[in-house]
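Got your viewer open? Load the model, pick a cartoon view, and follow along from one selection to the next.

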Amino acid sequence: MSAIIVSGLVSGSLYALMASGLSLVWGALGVFNFAHGVLLMMAAYAAWWVSSSSGLGAGLAAGVVAAVVFSALAGALLYWVLVRPWLGKPDAELSVIMTTIAGAIFLENLVLEVFGGHYKELDQVVTGTVMLAGTTVQAQDLMAIFLAPALLGGVAALLTRSRTGLAVRAIAQNRDAARLLGINIERIYLVTFAVSAVLAGIAGITIAGLFSISPAMGNDPLLRAFVVVVFGGLGSLIGTIAGAYVIGMVEAVSSYYIGIYWTPVVLFLVLIAVLTVRPTGLMGRAP
Amino acid sequence: MIRPASGVGLLVLIAAALAAPQVFSGSVAQNLAILSMLYAIVASNWDLTLGYAGIFNFAHVAFFGIGCYVAAISTLHFGVPVWWDLVLAVVVVALMSGITAVLALRLRGIYVALVTFALTQLCVALINSQKEIAGGPIGLVGVPDLSIGGFAFGNDQRWYFYSAELLLIASTVTMRWLATSDFGISLVALRDFEDYAVSRGIPPTRQRVLAIVASGVFTSLAGALYAHYLGVASPDVFSFSLSTLLLSMVLVGGAATTYGPIVAAIVLTLMAEKLAGIGNIRFMVIAALIVLTLRFLPGGAWSLVSPLRLRLAAHQAGPSESDQPSTGPHPR
């Protein structure tokens, strides 16, 4: 029983990190980033390349720091190339879906060309196991469980306390009024994208320690994040985080009792059920 | 009804269709031609929902894949005679697409994209998990050939060539007819001025559900033909790379043009084949092509061919509409 809860909490934490980035970007910019999974994957590769002896061999700490910095830059670059030119155009929503899908394909194949298709291993940030309520838990799992709420709490605090955070929320509520008040929208968009990329990057580093690194490693988490944001509602950080943990739990319970093969079906049915009752998710706002 | 010019055009088309397999006589060339025609059908039908109706329907590739798998599973496991499995594919996809559309169209914009995307991935997950019936990750092999009176099409590739041609022509005529009919115009009206269209009595959900179901008919037939032609049904038909290739056909060719995606399908299939030597880099080329097209030619390549389309595209995508709404095609 406690094994199921731990597994649900770990998945929920990782999904929360992934999905909150999507939700933030949607709230502020009104676009959806299909290349979010690729940001996760590239952060894992950056951490591996800097830390591993096959790369720079600078150690894990340097790898993690480098991956976080890299994520912020990658997010900003992605915004600059694939999002910014279409913002404000009539078909921005659809165009950005297309450009970020294309970007994801481009980067996934680029990584495949550069690093090859072999799975890579990244050392765990924390090693060993911990006994918890009669179950053996990997320390890395435990780290994920505590890291995600801490980070997301930090993001939530920034959104409500800092000037930049307030600007993000102001833009989400009324773009034109925010611009009139002298908020530098361009800069806020860039920062939002960078923060969202860092959250994905940290999820990537954690996943890399738990599983392995491959060019396609971002696809599954992205798909789960889709389910989470639709379930919890895009644009609502609280809804997204709550949705992430619910989906993580549903997945853990269904994998245990119904079987791993039917879990995608269960998730999809839950999703359909929620959408039939609340078409904008549990706490989402109308697009 | 047929104007003399289009009558002549029809004769030229039939002559060209009959001559084509003789001109492309090599089996490699014929293979490429068959595949590009099947992709052209999928892309131009996707254009009905993505382009004309403006619905973010990412389950379209699943319609193709389900058509492919229905043909394979029904003939291999249930002994359904060939040809009847094509009918079955259309029926199954019509039901699936109808249910998907009714559920997804309760949502708006991006949510439709996410749910239809998730549905496509659900198909892959189901196929991978159901090894006995769907063949798992390897797929199903030994899908029987189409045959007429004991003559199997596999003995002479030209028969698949003719089948694909026939399907492409039927599909294109249907798509053009739909796009220019009142139905097609109502879809465009709903896309561009939903509130006004609804106020004039167009039922939005019904029209869009019908559009999605209609877009699945020829797509599922193309999927079934694909399974018979290649003799296999593999989960690759749902893959992200095939989705992207088909998406690039719609966008690079020009959304809401029908002909643009068809031409782009043929060009891009040939290009992907020519670039096979550079491996995965070809996907990077295609991805870059999508971004560049959206950036510099939002109306797609077809907008260069048709000056009228160019004006329409400039009208839709240009900044003038948002700055001066009064210049738009406003209701009076």
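Start by selecting helix H9 of chain A, residues 219–232. This helix is mostly covered, with twelve of its 14 residues buried. Here, buried means 20 or more other C-beta atoms within 10 Å of a residue's own, exposed means 12 or fewer, and partly exposed is in between, with C-beta atoms placed from the backbone. Helices (H or I, at least four residues) and strands (E, at least two) are DSSP runs, numbered from the N terminus.

Some housekeeping before the next click: residues count from 1 along each chain as its sequence is written, while chains are lettered from A and ligands numbered from 1 in the order in which they are written. You're looking at a predicted model, where local features need pLDDT of at least 70, side-chain atom pairs count only at pLDDT 80 or more, and totals for chains, interfaces and linings use all residues.

Back to H9(A). Show side chains and you'll find A:Leu222, A:Arg224 and A:Phe226 among its buried residues. What do the buried residues of H9(A) pack against? In chain A, the partners are H1 (2–29), H2 (36–51), H8 (185–210), H10 (237–257) and H11, and from chain B there is H5 (109–129). Put a distance on the ends: from first C-alpha to last, H9(A) reaches 20 Å, close to the 20 Å expected at 1.5 Å a residue (the expected span is 1.5 Å times one less than the number of residues). Step off the end of the helix and you hit A:Gly233, which has a positive phi near 105 degrees.

Next, select A:Val155, in helix H5 (residues 139–161) of chain A. Is A:Val155 buried or exposed? A:Val155 is buried, because 22 other C-beta atoms lie within 10 Å. Leaving out residues up to four places away in sequence, A:Val155 touches A:Ser20 and A:Val195; a contact means that the two C-beta atoms, placed from the backbone, lie within 7 Å. Now add A:Gly165: this glycine is ten residues along the chain from A:Val155, with 8.4 Å between the C-alpha atoms.

Zoom out to the whole of chain A. You should count eleven helices and two strands, running α-α-α-α-β-β-α-α-α-α-α-α-α from the N terminus on. The C-alpha trace spans about 55 × 50 × 35 Å along its principal axes. Of the 287 residues of chain A, 51% count as buried. Contacts between residues 24 or more positions apart make up 73% of those in chain A with a separation of 6 or more.

Now bring chain B back and select the contact between the chains: 36 residues from chain A and 35 residues from chain B. On the chain A side, H4 (92–115), H9 (219–232) and H11 (263–277) each supply at least two residues. Which helix gives the most to that side? H4(A) does, with 15 residues. Colour the chain A side by class and you get 27 nonpolar, five polar and four charged residues. The classes are Ala, Val, Leu, Ile, Met, Phe, Trp, Tyr, Cys and Pro as nonpolar, Asp, Glu, Lys and Arg as charged, and the others, Gly among them, as polar.

Last stop: chain B, split into domain 1 (23–237) and domain 2 (239–318), with bounds from an automatic or database domain assignment. Their C-alpha centres lie 19 Å apart. The contact between them takes 20 residues from domain 1 and 17 residues from domain 2. On the domain 1 side, pick out H2(B), which gives the most, with 13 residues.
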